[in-house]
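Student: Got a minute to go through a model with me? I'd like to start with one term, then look at the fold.

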Amino acid sequence: PYPCPGDMKFLSYFGLDPKALGELIKSGAVDAAIAAYVRANTKRTPEEAAAYLRAFRAAEKLIYLENQFLWSPELVAVLAEKLRHPPEERFRLLVLLPAKPNTGDDDSHGQLGVLAAADNGAGRFLACTLHQPGPRGGPVYVHAKIGIVDDRWMTIGSANLNEHSLFNDTEVNVATDDGDLIRETRLRLWAEHLQRPRADVE
């Protein structure tokens, strides 16, 4: 549990100046004090990574990802195995990424190369991006963090699919197994991205 700001004993846990932290609390900056405590005393549990891995391994028909990055070799290894040994003929992997991520472009390209090689021309893997049409259009920077598997599992949150985000940063994702909600979300996204009527993407 978080320490109680009213108990000054917790200040010694920070590894920081207790007097300075005491001033933070007195000034009402309790969140800053608690954040310092968390940074100094918690170890990141890669719950988002574990959830993605479980879902990917259980996938049978479709894995759909929207993310800013795709660098994680642990996740890509499972995806590549699915492409090499698809659970069924209709299995597809669809990945939506920014055309030019603001960092790690080579990392994403390298992992996409791994997936393309695993697909080996079978047509089960598609990596794509978004572009705003019109004379003033341009690339759309994909910043979403969405994962959908078989319309049976979906996660939305802040975790990028790279090592820093999954194994170091503090992130929050929510997940659901509400099939109707998941299917509706996927179809609405596809209709919006493809600029097609909903009936065309069902």
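Tutor: Sure. Buried means under 20% relative accessible area. Keep in mind that this is a predicted model.

Student: OK. How many residues of strand β2 are buried?

Tutor: In β2, residues 92-96, 4 of the 5 residues are buried. The strand is mostly covered.

Student: Which sense does β2 pair in with β1, and over how many bridges?

Tutor: Parallel, over 5 bridges. Strand β1 spans residues 62-66. One bridge joins E66 to L96 in β2.

Student: And what does the chain pass through from β1 to β2?

Tutor: Helix α4, residues 73-84. That β-α-β crossover is right-handed.

Student: What about β3? How many bridges does β2 share with it?

Tutor: There are 4 bridges between β2 and β3, again in the parallel sense. Strand β3 covers residues 125-128. L94 has L126 in β3 as its bridge partner.

Student: Zooming out. How many helices and strands are in the protein chain?

Tutor: The chain has 8 helices and 8 strands.

Student: What share of the protein chain is buried?

Tutor: Of its 202 residues, 42% are buried.

Student: Switching to contacts. What fraction links residues 24 or more positions apart?

Tutor: It is 66%, counted among contacts with a separation of 6 or more.

Student: Last one, surface. How much of it belongs to carbon and sulfur atoms?

Tutor: The accessible surface is about 11,600 Å², and carbon and sulfur atoms account for 54% of that.

Notes: Residues numbered from 1 in each chain as written. Predicted model: local features only at pLDDT ≥ 70, side-chain atom pairs only at ≥ 80, totals over all residues. Heavy atoms only, no water. Helix = DSSP H or I, 4+ residues; strand = E, 2+ residues; numbered from the N terminus. Buried < 20%, exposed > 50% of the residue type's maximum accessible area, 1.4 Å probe, protein only. Contact = heavy atoms within 4.5 Å. Areas by Shrake-Rupley, 256 points an atom, 1.4 Å probe, with all protein chains shown as cover. Pairing = 2+ DSSP bridges. Right-handed = clockwise from strand over helix to strand, strands pointing away.
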